[in-house]
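Please find below a short set of comments, set out as numbered points. They are best read with the coordinates open.

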Amino acid sequence: MIKRIIVLAILIPLGVILIMLSVANRTAVTLALNPFDPSDQVLSVTLPFFVFVFLALIIGMIIGSLATWIKQGKHRKQARVQASEAVKWHGEADRQKTKAQQIAASLPAPDKRNAA
């Protein structure tokens, strides 16, 4: 149900906006990568403007995601260290529990005296 609401409330309007942006910016634009000779055909690309806009958006999202992933690396490392430490201490607790059960089993049975 939540997924359906997300699709209806966010993705459909976003898709409509992207389609409108594509239709409005379909004029061919040349991207010249040679700053000294812009008419050089080897280092230039001619595509509709919305392609450049979408590529810039996608590249920006990828760079932002990578920057976030790198920045949060110390938190992931800390989580790994704490998880391995938790596993170590759970194992130690299990060993101590087994040891306590063995000691309890080797003790003599308590006397059952009547309190009357």
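1. In this predicted model, F54 is partly exposed, its relative accessible area being 22%. F50 is likewise partly exposed, with a value of 21%. Both percentages lie above the 20% limit under which a residue would be called buried.

2. The count of aromatic pairs comes to one. That pair is formed by F50 and F54 in an edge-to-face arrangement, with 5.8 Å from centre to centre and 70° between the planes. The two residues are four apart in helix α2, which means that about one helical turn separates them.

3. Helix α2 comprises residues 49-71 and also holds L55. L55 has a relative accessibility of 42% and therefore counts as partly exposed. Between the C-alpha atoms of L55 and A67, which are 12 residues apart along the chain, the separation is 18 Å.

4. S44 belongs to strand β2, residues 44-48. Its relative accessibility is 15%, so S44 counts as buried. The side chain of S44 comes to 3.1 Å from the backbone oxygen of D40. Leaving aside residues up to four places away in sequence, S44 touches T30, L31 and A32.

5. Helix α1 covers residues 2-24, and its 23 residues should span 33 Å at 1.5 Å a residue. The C-alpha atoms at its ends are 33 Å apart, in agreement with that expectation. Helix α1 nevertheless bends by about 30° at L8.

How values were computed
Residues numbered from 1 in each chain as written. Predicted model: local features only at pLDDT ≥ 70, side-chain atom pairs only at ≥ 80, totals over all residues. Heavy atoms only, no water. Expected span 1.5 Å × (residues − 1). Bend = angle between axes of the 7 residues up to and from the residue. Buried < 20%, exposed > 50% of the residue type's maximum accessible area, 1.4 Å probe, protein only. Polar contact = N/O pair within 3.5 Å; in protein donor to acceptor, adjacent residues only side chain to side chain. Contact = heavy atoms within 4.5 Å. Phe/Tyr/Trp six-rings, centres within 6.5 Å; stacked < 30°, edge-to-face > 60°.
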